[in-house]
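Trainee: I'm new to this structure and would love a close look at one part of it. Could you walk me through it slowly?

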Amino acid sequence: FTISVSWKNIQNQLIAIKSLVSPRNKELSNYVNSIIKDVKNSQYNGLENMQYLPQGGLKGLIYFKLGDLSNKGIKVITKIDRKLKNEDFYKKNGEKHKDILKIIGVYLDNAIEAVSEASIKEIILEMCCEKNECHFILSNTYAGQINISNFGDLGYSTKGEKRGYGLYLVDKIIKKYDNLTQIRELDEKYY
C-alpha cells in the first residue's frame, strides 16, 4: 500500500506499531526501534520534499544512496518539484524507467565518491518538471582537477585504474533514447 504523509506521521505510526509488538518478541521490537531511529535521523538529513516523488524505484534509490550521508559529514540538499508527484514518466516505458534509474544511480555513486574527497562536502539533487520534461540536476563539490571532456570515455576515471565504466554506461544508455539528454558543467565549486 502507499502512504504519502510527513516524516512525523510515519514516526508516529511506527511508534503505534511498536506498542502492538509483544515484549517477548525482542527481535521484532529491536527492528522497529531501528526503523524509528532511521526515521528520526532522516528528518534532518536534507532529504526534503521526498513526498513529491512517485512511489517506486526512484524514491527508494535516492533514500538508499543519500539517506545516511549526513552521518558521514556530507550535506545533502534535495529540491523536488511538487509536480513530479503527478508525472508518470516512469510508467510509460518500463525499460526506460530502469535505464533512468541506472543513470541516476551512476551519477549518485560518482557524486558520493567525489564529495568524500572534497574539503566542503555537499550534494544537491534538484528535480523539476517543465513543459512536459522532467529534469534531474545533480551538483556536488569535488577536489582536484577534472577534465569533463573525457567523461564517458571507456576506462577514463579521475579515481584510479580499473575504473571509468559508469559514465561510459550512462552515455550508452542515453544514446538509446531520442528524448534523454545530459549536460555536464563544472565551476570552481561544483560539478
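Which residues have the most contacts inside the largest nonpolar core?

Mentor: Happy to help! Please keep in mind that this is a predicted model. The residues you ask about are L53, I62, L66, I123 and M127, and the core they belong to has 35 residues. As a general background, nonpolar side chains tend to be buried together in soluble globular proteins.

Let's see where the core comes from. At least two of its residues come from each of α3 (57-66), β1 (75-80), α5 (94-116), β2 (122-130) and α6 (166-175). Of these, α5 gives the most, with ten residues.

Now pick out L66 on your screen. Setting aside neighbours within four places in sequence, L66 is in contact with L47, V76, L108, I112, I123 and L125. One of those partners, I123, is also among the residues with the most contacts inside the core.

Helix α5 is worth a second visit, since charged residues sit there too. D99 and K102 both lie in α5, three residues apart, which is about one turn of the helix. Their side chains meet in a salt bridge, 3.7 Å from N to O. The two ends of this pair have different surroundings: D99 counts as buried because its relative accessibility is 3%, under the 20% cut-off, while K102, at 45%, counts as partly exposed. The pair also belongs to a network of salt bridges that links E95, D99, K102 and K176.

Next, go to α6, another contributor to the core. There, D171 forms a salt bridge with R184, and the closest N and O atoms are 3.1 Å apart. D171 lies in helix α6 and R184 in the segment after α6, so the pair ties together parts that are 13 residues apart in sequence. D171 is buried, at 16% relative accessibility, and R184 is buried as well, with a relative accessible area of 18%.

For contrast, try the D68 and K72 salt bridge, whose closest N and O atoms are 4.0 Å apart. Here D68 is partly exposed, at 34%, and K72 is exposed, at 55%. The count for the model comes to eight salt bridges.

Finally, follow α5 to the loop between α5 and β2, where you will find E117. E117 is exposed, with a relative accessible area of 53%. The C-alpha atoms of E117 and G144 are separated by 9.0 Å, and these residues are 27 residues apart along the chain.

Note on methods
Residues are numbered from 1 along each chain as its sequence is written. This is a predicted model: local features need pLDDT of at least 70, side-chain atom pairs count only at pLDDT 80 or more; totals for chains, interfaces and linings use all residues. Side-chain values use heavy atoms; hydrogens and water are left out. A nonpolar core is a set of buried Ala, Val, Leu, Ile, Met, Phe, Trp, Tyr and Cys residues joined through side-chain atoms within 4.5 Å. Buried means under 20% relative accessible area, exposed over 50%, partly exposed in between (1.4 Å probe, protein chains only). Helices (H or I, at least four residues) and strands (E, at least two) are DSSP runs, numbered from the N terminus. Contact means heavy atoms within 4.5 Å.
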